[in-house]
Amino acid sequence: MSPALERFFVTAARLCAVAVVAIAPLVGLVVFAAAVASLVRHVEFSWDASAGLIAATLALGLVGATLGTALGVGAALYAVEIATPANRQLIKALVGALHAVPAVGYGVAAAGLLLVTPLLPNPAVTFSIAATVVTVMIASVVFVQMRRSLSALPDQLREAATAAGADAVATALRAMLPALQRSIAGIWWASFALALGEATALQMIFGAASAKSALSNGVAISGTLASMLLQVGASARGVDEALRFAPAALLLFAMTIASVFLGRRAVGHVPWP
Amino acid sequence: MQERTPLETKIEVGKLSVWYGSEPALRGVTFDVASKTTTALIGEGGSGKSTLMRALNRMHDLNPEARVQGSIKIDGAEILGAGVDTARLRRNVGMVFARPTMLPTTIGDNVMFGLAAQGVRDERSMREAAERALRRAGLWEQMADKLDAPASPLPEDTQQRLSIARALAVDPDVLLFDDPTAMLDPIAALSIEDVIARLRRDHTIIIATNDLQQAARLADITIYMANGEIVESGDTPLLFNKPGDVRTEAFLAGRNPRGAVS
Amino acid sequence: MAIDALSDKPARMFRPLPAVVFAACAWLLCGSVIVIVGWLLANGLPKVVSALGPRGPESAIGPLFATAYITVLALPPAAAVGVFAAMGASDVRIFGAAAGSMRSALSLVGSVPTVIVAYAALLAAAAVGWHPSLTGAAFVFAIVNMPLMTGLALRALTTRAAKLREVATALGAPPMYIVISVLLPRARMRLRSAYIIVATQIIGGAATIAILAGANVPASRGALPIHAWPLAVHIWTRGSSADVYGVTAASALLLAVLIWVLQGIAQLRAAPESASQEDL
């Protein structure tokens with residue numbers, strides 16, 4: 001490769017990396033500018049109305065990340081360390097399929113759950129359904145990440161535990177779990193960031209066109225900042241209408257970025273997104 | 001060991017310090033290496049041998065946490081700092097690692113990789129250089145008709161000799177061996193030693209090793225390092241028979257050198 | 001005596017409760033995929049069967065065509081920029097002292113919710129007076145998926161590559177030469193599976209395009225299928241209406257099957273390479 005070609009590729013790679021990195025600040029800038037514009041133009045925005053959405057976003061993020069991480073870590077430990085080879089293959093295939101279900105698929109299933117639930121107007125029930133859906137979505141992602149982390153551990157660790165007389169369960173509990181403590185903490189933070197922005201499935205739950213939906217009454221408790229943005233996007237006609245939700249978008253952006261930053265500060269490494 | 005005449009200085013290392021993050025790995029190391037001599041670096045694990053070797057051809061550039069201070073001159077030219085053609089430097093200062101790593105391609109392409117990276121396109125001159133390098137590594141007879149075979153399935157000692165041939169193909173002045181026999185059985189290790197011994201006449205060699213007998217067999221000069229510093233250096237027979245520092249004496253005797261100090 | 005002691009069964013440290021809990025977690029997750037798929041099959045399969053009738057395909061062609069249109073348009077730029085960005089981030093020498101920050105920033109970009117990116121795109125498009133279109137949506141999809149492609153390509157280029165890079169560097173090869181002649185050919189299969197994974201993300205993504213274009217527009221407009229909505233949006237707009245739940249479930253089933261097939265291909269393509277990497 002000639003030096004000129006090497007320079008060309010290096011420059012192109014640098015530009016592309018900078019372009020990808022620039023997506024986050026650009027999006028932040030647009031949303032920030034929109035939030036400022038909404039203030040300047042006195043576009044209607046009610047913090048009182050948003051308070052419920054913020055609380056629901058945080059609550060759903062916490063519940064989804066915590067339950068999803070616990071479920072995914074437990075399932076991965078069983079699949080990799082304890083299960084028989086046949087079961088391991090079966091679990092890997094099934095959870096792999098779950099991981100690949102598109103978000104709208106979860107939404108349709110969740111909408112189905114609402115259809116058959118007789119206690120529809122009860123906020124606790126709708127929140128539980130939303131939390132269940134987000135937990136399962138997160139757990140499948142955690143399972144894949146955790147399985148990767150477990151396979152990356154050196155075989156010597158397993159051998160040492162086995163040589164010391166530990167069976168598969170004790171190896172999983174006493175050797176593998178402690179070795180991956182920081183990874184699991186990182187996975188939780190990443191799950192939290194993922195759960196905060198996960199909207200599509202929820203949106204499916206309480207309706208895209210809420211006014212016409214037979215399911216939308218009384219289920220606003222499971223609405224989040226992200227699902228609200230989806231509704232706005234779907235129905236906004238004109239800049240002013242879209243600007244009404246800029247402060248909420250800015251808040252969601254800040255919450256997600258902050259959760260990744262806090263995760264890095266707390267555990268040093270957040271494995272994904 | 002044949003008598004040496006005074007030789008020109010090939011490498012001058014002055015007050016070289018290396019940090020990985022906030023941890024110092026080398027602390028103000030100073031020494032010279034004469035042209036076409038063999039120098040052995042000995043010392044406990046973590047004494048800074050590999051860090052020193054990697055600084056000599058700027059391999060620390062691959063570690064974003066590495067910070068280097070001081071001076072390294074090769075043939076009088078400073079190699080640290082910006083503006084150095086590191087590709088040319090590394091072709092001049094070849095390196096062989098403890099674990100042989102084959103590039104995922106054929107045996108021939110492995111040997112010719114350095115030349116191809118340099119921009120050489122002439123197939124014939126590349127083949128000639130590969131043959132020369134393989135002959136010097138004692139592999140030509142074995143590999144002459146296998147140049148198009150994949151390199152990965154070769155046994156580890158052959159891979160290590162191929163690594164030496166790969167380094168030789170770009171015709172370096174200096175060769176760095178970072179514990180080249182660490183992964184090999186004693187018989188295979190001796191065959192690698194034979195190859196290194198044959199290269200001593202034409203190259204300036206620095207070898208980091210944990211095998212004291214290997215250092216005694218191969219090196220004209222031996223440097224004992226501990227805790228990122230040079231404790232003692234000198235002619236190999238002298239250092240091994242009459243060490244001037246209690247820590248060197250303790251290390252050579254297989255005792256804990258730290259205990260010797262206290 | 002010693003032989004007797006040896007012949008005894010070794011003391012087991014079996015803890016039934018953790019084993020049961022871990023097993024329950026695994027089978028619960030497996031059960032949920034069966035519930036979801038079973039539910040979609042029960043509700044959607046009759047509609048899929050009826051869609052195979054004489055009038056069925058017409059309503060399905062529009063969304064499928066639009067899905068393909070967006071995927072074909074969004075994938076090449078996302079893939080190209082992602083691979084080049086990964087090439088730049090894979091060698092610390094390309095960004096020098098900023099290499100660590102660059103990798104952190106790249107992983108941080110991936111955490112921005114797609115709904116926010118889409119919302120920003122909607123605002124930007126509205127500000128410059130652009131009308132919503134499938135091409136515009138494809139553009140946004142390309143941008144949204146660039147961080148994912150970069151992450152996957154970076155993993156493909158750097159997995160077990162440190163020693164190779166070290167060896168090639170020690171032979172005097174410049175960074176980009178190492179990436180192009182050693183690492184890219186080795187990562188070919190993994191990169192192909194990365195393209196497929198990104199394609200499935202584009203196919204399954206509904207929020208972005210729904211925001212960008214608005215979900216109140218009918219599922220097809222006029223005779224040109226290009227104006228139809230992708231399958232995911234088609235499902236999304238109908239999702240909550242109880243009266244069309246069967247159609248929604250059928251579409252979701254179709255989309256899930258499409259994505260499973262693509263993910264399966266991606267895994268099969270990545271598998272032979274992981275085996276060859278073990279040899280290195």
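In chain B of this predicted model, strands E1(B) and E4(B) run antiparallel and are joined by eight bridges. One residue pair shows the register: B:Trp19 has B:Arg67 of E4(B) as its bridge partner. E1(B) is also joined to E2(B), again antiparallel and by eight bridges. Here B:Thr9 stands opposite B:Ala34 of E2(B). The connection between E1(B) and E2(B) is a hairpin with two residues between the strands. B:Gly21 lies in that turn and has a positive phi of about 65 degrees.

On the other side of the sheet, strand E4 of chain B, residues 66-74, pairs with E5(B) over two bridges in the antiparallel sense. B:Ile74 has B:Ala77 in E5(B) as its bridge partner. Put together, these pairings give an open sheet of four strands in chain B, ordered E2-E1-E4-E5 and antiparallel in its pairing. The edges are strand E2 (23-34) and strand E5 (77-78) of chain B, each of which pairs on one side only.

A helix accompanies this sheet. Helix H1 of chain B, residues 49-56, lies across strand E1 (9-20), E2 and E4 of chain B. Relative to E1(B), helix H1 of chain B runs at about 120 degrees.

Chain B holds another sheet. This one is open and has six strands in the order E6-E7-E8-E3-E9-E10, with mixed pairing. Strand E6 (93-96) and strand E10 (229-235) of chain B stand at its edges; each has a single partner strand, so one side of each is left without a neighbour in the sheet. From one strand to the next, the twist averages 15 degrees. Within this sheet, strand E7 (residues 174-178) and strand E8 (residues 204-208) of chain B pair in the parallel sense over five bridges. B:Phe177 is matched there with B:Ile207, its bridge partner in E8(B).

Charged side chains come next. Side chains of opposite charge can pair when their charged atoms come close. Over all chains, the count comes to 20 salt bridges. One of them joins B:Arg127 to B:Glu123, with the closest N and O atoms 3.9 Å apart. B:Arg127 and B:Glu123 are four residues apart in helix H4 (residues 123-136) of chain B, and therefore are separated by about one helical turn.

The chains also meet one another. Chain B touches chain C through 24 residues, and chain C contributes 20 residues to that contact. The two chains bury about 2000 Å² between them, and 74% of this area is on carbon and sulfur atoms. How many salt bridges are there between chain C and chain B? The count is one. This salt bridge is formed by C:Glu166 and B:Arg54, whose closest N and O atoms are 2.4 Å apart. Across the same interface of chain C and chain B, two residue pairs are in polar contact, both residues being at pLDDT 80 or more.

On the chain C side of this contact, helix H4 (92-95), helix H8 (162-170) and helix H9 (175-186) of chain C each supply at least two residues. H8(C) gives the largest share, eight residues. Sorted by class, the side of chain C that touches chain B has eleven nonpolar, three polar and six charged residues.

The last interface joins chain A and chain C. Here 88 residues of chain A are in contact with 82 residues of chain C. Chain A and chain C bury about 7200 Å² between them, with 80% of it on carbon and sulfur atoms. A:Val20, A:Ile23 and A:Val108 supply 7% of the area that chain A buries against chain C, which is more than any other three residues. Between chain A and chain C, the count of salt bridges is zero. Five residue pairs are in polar contact across this interface, both residues being at pLDDT 80 or more. Helix H1 (residues 3-40) of chain A gives 17 residues to the side of chain A that touches chain C, the largest share. That side of chain A divides into 67 nonpolar, 14 polar and seven charged residues.

Technical notes. Residues numbered from 1 in each chain as written. Chains lettered and ligands numbered in written order. Predicted model: local features only at pLDDT ≥ 70, side-chain atom pairs only at ≥ 80, totals over all residues. Heavy atoms only, no water. Pairing = 2+ DSSP bridges. Contact = heavy atoms within 4.5 Å. Axes fitted to C-alpha atoms, helices over the stretch in contact; angles between N-to-C directions. Buried area = accessible area lost by both parts, 1.4 Å probe. Salt bridge = Lys/Arg side-chain N within 4 Å of Asp/Glu carboxyl O. Polar contact = N/O pair within 3.5 Å; in protein donor to acceptor, adjacent residues only side chain to side chain. Nonpolar A, V, L, I, M, F, W, Y, C, P; charged D, E, K, R; others polar.
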